[in-house]
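Student: I would like a close look at one part of this model. Please take me through how helices pack against each other here, and then turn to the cavity.

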Amino acid sequence: MKKIADERVLVLDFGSQYAQLIARRVREQQVYCEIVRHDITAQRVREIQPRGLIFSGGPASVYEPGAPKCDPELFRLGIPVLGICYGMQLACEALGGRVESAPAREYGRAHCRTLGSSELLVGVPEKTQVWMSHGDQVSAVSDDFQALAETATCRYAAVKHRTLPIYGLQFHPEVTHTPQGWMILRNFLHAVCGCAGTWKLGDFAKQTIKELRRTIGDQRVICGLSGGVDSSVTAALLAEAVGTQVSCILVDNGLLRKGEAEAVIEEFTKHFKTDLHLVLAEDRFLAALAGVANPQEKRRRIGHAFIECFADEAKRIQGAKFLAQGTLYPDVIESGGTPDGPAATIKLHHNVGGLPEDLCFDLIEPLRDLFKDEVRKLGLALGLPEDIVWRHPFPGPGLAVRCIGEVTKKRLDTLREADLIVVEEIKAAGLYRQTSQSFAVLLPVQSVGVMGDARTYADVVAVRSIDSEDFMTADWSHLPYDLLARISTRIINEVPGVNRVVYDISSKPPATIEWE
Ligand code: XMP
């Protein structure tokens, strides 16, 4: 494990959908944190020397055969442990307690009462709200444990071992529905683990820039730009490190949002003076997509065309040795790319647009230890404009997967106009940062309308806006009606060929964020 922080905490992943969120919350407290496999050995943990261990939740029952367990030696290392949900059940059971299935699965907000005082709960009021999501719970603990909090249905909502630095929480401190959760995590990190909070992005940037200079030397490095924040921050970091030795490639595939290519060109030629190669490939992509309505086939063809365009342009750049990519920590974890990390879980279709390995470059991934919110902060620190840094994520296949049915220039232009209105209005309402992804989708459906005295038969646009912590699950944004009304009125009035707007009120799961 690379030494990028002098104090670190490990999150042992027992299959929780919240493991990444826990790690982000820890980093928000300026403590560097990594996610590792649940069965990491005590020997390996000793080598890493973390200040604390957090056991995540997970979907299994500890008493089931084959349920994920940890190395029991971990409890004897003297390193503080915080077990969350399944993690707590595991720790309590391993140390003499009993876990049983609760009479009813508990999901949602619960009122919690703290009992007595403990360093874990300093500052938490006696009555506090917590978020529960479990089927099992600890029904009895050994005499070594004491209860720190309870709810009406859960006797052991929080526990502490009397002699070892081991704590458990049945609820989830990492979600925003537990308003005091951050305080409990802070107490664990600072009061229990003794972390000073030395993880600073500024230091990370300085250190990374130094490392990039050393690795790249006087060689040339290529960086693909997509218009999104990850590739922009990667390019900015490289520009800061090795200046004019960076050649950026922007493939304008004709599937970008309105103004996106222009903003990136401006930034990386005028502000960061990189050697920017713009590949105008709209016609090539449109030709590849002609007559194709199947979503998977669209993705396949776009991926293919992208690789060709990129490789052609890269060949023209003389003497390039390195290729930089904006891979983030969640990508690394989900693809099983860390030695101590959990197994791969990635949804393969999101890798479309990835470059083949036979391009013969050495890969540089300067953001592979960071979460998206950290990348954004880093972008701002490097002087990237807010417009680029806060831009909502955008799928690799671009507007093609938001133009349901056949993709044509005319339909893309219609979609681009409608999409711009959605974003403009959500920004004007001050909700752009609160929502995670907001966009328009052009449906392959015509509907009857009336404009003036005439009957129309025109396109339908769906508006999609979601709120999400990690894009694995998402809720549709509860946008104010008057905002929805303004979006609808403007799209119908300003975008030719559209006479109806609908709002998508599906959450993920079972729907996905994108329509294709
Ligand atoms: P879904 O639609 O699966 O999307 O709920 C989750 C997140 O991933 C983005 N997405 C993609 N990103 N290539 C990408 O680079 C893709 O093919 C792709 N498909 C979906 C989506 O926009 C959302 O942020």
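Tutor: What follows goes through two helix pairs and then the cavity. Keep in mind that this is a predicted model.

Start with helix α13, residues 409-428, and helix α14, residues 481-494. Their axes lie 9 Å apart. The packing angle is about 150°. Angles over 145 degrees count as roughly antiparallel, so α13 and α14 are roughly antiparallel to each other. The crossing of α13 past α14 is right-handed. Which residues make the contact? From α13 come Ala418, Ile421, Val422, Glu424, Glu425 and Ile426. From α14 come Leu483, Arg486, Ile487, Arg490, Ile491 and Glu494. Sort this contact by class and you get seven nonpolar residues and five charged ones. No polar residue takes part in the contact of α13 with α14.

Now take the second pair. Helix α6 spans residues 229-242, and helix α11 spans residues 372-381. Here the axes come within 10 Å. They cross at roughly 45°. That angle falls in none of the parallel, antiparallel or perpendicular ranges, and therefore α6 and α11 are oblique to each other. Their crossing is left-handed. On the α6 side, Val229, Asp230, Val233 and Leu237 make the contact. On the α11 side, the residues are Lys372, Val375, Arg376, Leu378 and Gly379. What classes do they fall into? The contact of α6 with α11 has five nonpolar residues, one polar and three charged. Gly counts as polar here, so Gly379 is the one polar residue.

Last, the cavity. How many cavities of 30 Å³ or more does the count give? It comes to one. The largest cavity has a volume of about 60 Å³. Its lining includes Cys112, Thr114, Leu121 and Val124. Thr128, Gln129, Val130 and Ala149 line this cavity too. Phe171, Thr178, Gln180 and Ile184 are also in the lining. Which strands supply at least two residues each? They are β5, residues 98-114, and β6, residues 127-140. Strand β6 gives the most, with three residues. By class, the lining of the largest cavity has seven nonpolar and five polar residues. No charged residue lines the largest cavity.

Notes
Residues are numbered from 1 along each chain as its sequence is written. This is a predicted model: local features need pLDDT of at least 70, side-chain atom pairs count only at pLDDT 80 or more; totals for chains, interfaces and linings use all residues. Side-chain values use heavy atoms; hydrogens and water are left out. On a 1 Å grid over the protein atoms alone, a cavity is a set of points where a 1.4 Å probe fits but cannot get out, and a pocket is an open set with protein on both sides within 12 Å along at least five of seven lines; lining residues have an atom within 4 Å of a point. Grid points are joined across faces, edges and corners, and a volume is the space filled by probe spheres set on the points. Helices (H or I, at least four residues) and strands (E, at least two) are DSSP runs, numbered from the N terminus. Axes are lines fitted to C-alpha atoms, for helices over the stretch in contact, and angles run from 0 to 180 degrees between N-to-C directions. Angles under 35 degrees count as roughly parallel, over 145 as roughly antiparallel, 65 to 115 as roughly perpendicular and the rest as oblique. A crossing is left-handed if the near helix is turned anticlockwise from the far one by less than a right angle, and right-handed if clockwise. Contact means heavy atoms within 4.5 Å.
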